[in-house]
Amino acid sequence: MEAPVRKNLILIPNVYDFHGVRELLDSFCEKNQLDYYFYSLHHLKQSLDQKALSLEFKNLIQKNQILLFLVPVAIQVNQELVEFLNHQPRSFGSPSTGLDHVDQSFLREVKIPFFSAEGENRDSVVEYVLTALSYVLDYQRWRKRDFCVGIIGYGRIGSLLGKILKDFGIPIIAVDPFVFPKEYKKNLEEIRHCDVITFHVPLTKDQYPTYHMVDLEFLKNLKSSIIINTSRGKIFTEEAYLYCIENFDSIMDVYYFEPPKAEYFLSKRLKISTPHTAGYHWQSRFRGMFKILKDFSHHFQFEFSFEVSDFFPKQYEIEIFSSIMEETTKLKQHVSFFSKIRSQYPIRAGIKEQKYQRNWDPIKKELYDYFMGFYS
């Protein structure tokens with residue numbers, strides 16, 4: 001009796017089974033004689049909690065060679081996970097932005113590659129911030145450019161936001177000790193006088209830690225009337241987080257506790273509250289998966305000859321201008337909406353892909369016109 005043929009597998013969590021992904025995987029795997037499998041994220045979490053592999057994962061690991069194991073930020077990629085999977089996966093990756101769930105030093109030590117999608121959601125986050133501002137900022141101030149935006153974190157996302165604000169003639173102050181080391185202390189002091197402060201930092205505990213970087217002392221010294229956080233909830237202390245949403249007009253896409261506590265939504269100054277959707281218009285999500293497969297192919301010398309445009313949706317389920325407030329309403333009414341939408345995000349259009357509406361307010365019309373030209 002012949003031994004069963006072991007397949008070379010790519011494992012993907014079922015939460016990434018959205019438009020275009022299967023088509024990309026079908027084409028890529030056919031070209032390189034590989035296979036893929038969508039695993040249950042719930043079963044993986046359950047297995048880790050119970051410290052015992054489910055039947056699904058036992059079969060996958062015993063009968064196949066796992067070339068690439070994709071995990072979302074909800075799963076810690078560390079020595080414990082590698083040992084739990086019997087040292088089987090040849091590489092790991094995460095289509096989500098951010099790397100605070102990955103023990104990179106351990107992976108380097110055991111020579112396991114990790115492929116990330118950092119920065120691939122930059123367009124989506126920037127469009128979210130600008131759209132959210134259109135709901136909470138007085139139009140006369142926008143028209144006169146009579147406000148200043150403080151940007152904390154000036155990497156891929158922060159710098160793109162800064163460029164666009166400057167294109168609109170809106171003054172900014174950028175704070176980033178790695179990008180502007182000489183101006184760091186001066187800009188950190190000056191940012192306290194900004195009218196809007198938006199955070200675009202990873203969650204870190206090493207040099208210039210961002211974990212709990214925002215405390216009560218920081219907030220009580222601010223002039224800012226609007227605070228935006230699309231980074232991580234725990235860049236605030238819990239006390240500061242609660243103080244923020246009670247004392248500033250707040251736009252929050254992340255929360256100190258996730259799923260968020262229902263009492264967060266009692267504050268009238270929490271103007272916009274969305275369930276981790278800032279970076280999730282279709283192109284940013286798909287580009288994350290696309291980049292990982294491309295980098296994986298380069299590392300293991302597989303063929304990869306595709307373009308993102310090969311997989312564009314024919315239509316979108318929701319649009320950025322309307323979805324922000326719709327999601328806010330749903331989340332404030334039922335906190336369970338946070339977990340529900342995260343299991344299957346709808347296909348969201350960015351600013352450029354939206355259908356023009358005559359009833360848009362002047363700020364949204366300006367944003368639409370700008371982005372139509374920006375990406376042309």
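Trainee: Where is Pro113 found in this predicted model?
Mentor: Look for helix α5, residues 104-109, and strand β5, residues 114-116. Pro113 sits in the stretch that links them. So its place is the loop between α5 and β5.

Trainee: Is Pro113 buried or exposed?
Mentor: Its relative accessible area is 17%. The cut-off for buried is under 20%. Therefore Pro113 counts as buried.

Trainee: How many Å apart in space are Pro113 and Phe286?
Mentor: Along the sequence, these two are 173 residues apart. Going C-alpha to C-alpha, the distance in space is 21 Å.

Trainee: What about Val15: is that one buried or exposed?
Mentor: Val15 lies in the loop between β1 (7-13) and α1 (21-32). Its relative accessible area is 13%, and under 20% means buried. So Val15 is buried.

Trainee: Which residues form a nonpolar patch on the surface with Val179?
Mentor: Val179 is in the loop between β7 (172-175) and α9 (184-190). It's partly exposed, with a relative accessible area of 41%. The patch has about 300 Å² of accessible area together. Val179's partners there are Phe178 and Tyr208.

Trainee: How do helices α6 and α8 cross: parallel or oblique?
Mentor: Their axes, for residues 122-136 and residues 156-167, come within 9 Å and cross at roughly 50°. Angles under 35 degrees count as roughly parallel, and 65 to 115 as roughly perpendicular. Roughly 50° fits neither range, so α6 is oblique to α8.

Trainee: And what is the handedness of that crossing?
Mentor: Follow α6 as it passes α8. The crossing is right-handed.

Notes. Residues are numbered from 1 along each chain as its sequence is written. This is a predicted model: local features need pLDDT of at least 70, side-chain atom pairs count only at pLDDT 80 or more; totals for chains, interfaces and linings use all residues. Side-chain values use heavy atoms; hydrogens and water are left out. Patches are made of residues with over 30% relative accessible area and no salt bridge: like charges are joined within 9 Å, nonpolar side chains (Val, Leu, Ile, Met, Phe, Trp, Tyr) within 5 Å. Accessible areas come from the Shrake-Rupley method with a 1.4 Å probe; for residues, only the protein chains shown count as cover. A salt bridge is a side-chain nitrogen of Lys or Arg within 4 Å of a carboxyl oxygen of Asp or Glu. Helices (H or I, at least four residues) and strands (E, at least two) are DSSP runs, numbered from the N terminus. Buried means under 20% relative accessible area, exposed over 50%, partly exposed in between (1.4 Å probe, protein chains only). Axes are lines fitted to C-alpha atoms, for helices over the stretch in contact, and angles run from 0 to 180 degrees between N-to-C directions. Angles under 35 degrees count as roughly parallel, over 145 as roughly antiparallel, 65 to 115 as roughly perpendicular and the rest as oblique. A crossing is left-handed if the near helix is turned anticlockwise from the far one by less than a right angle, and right-handed if clockwise.
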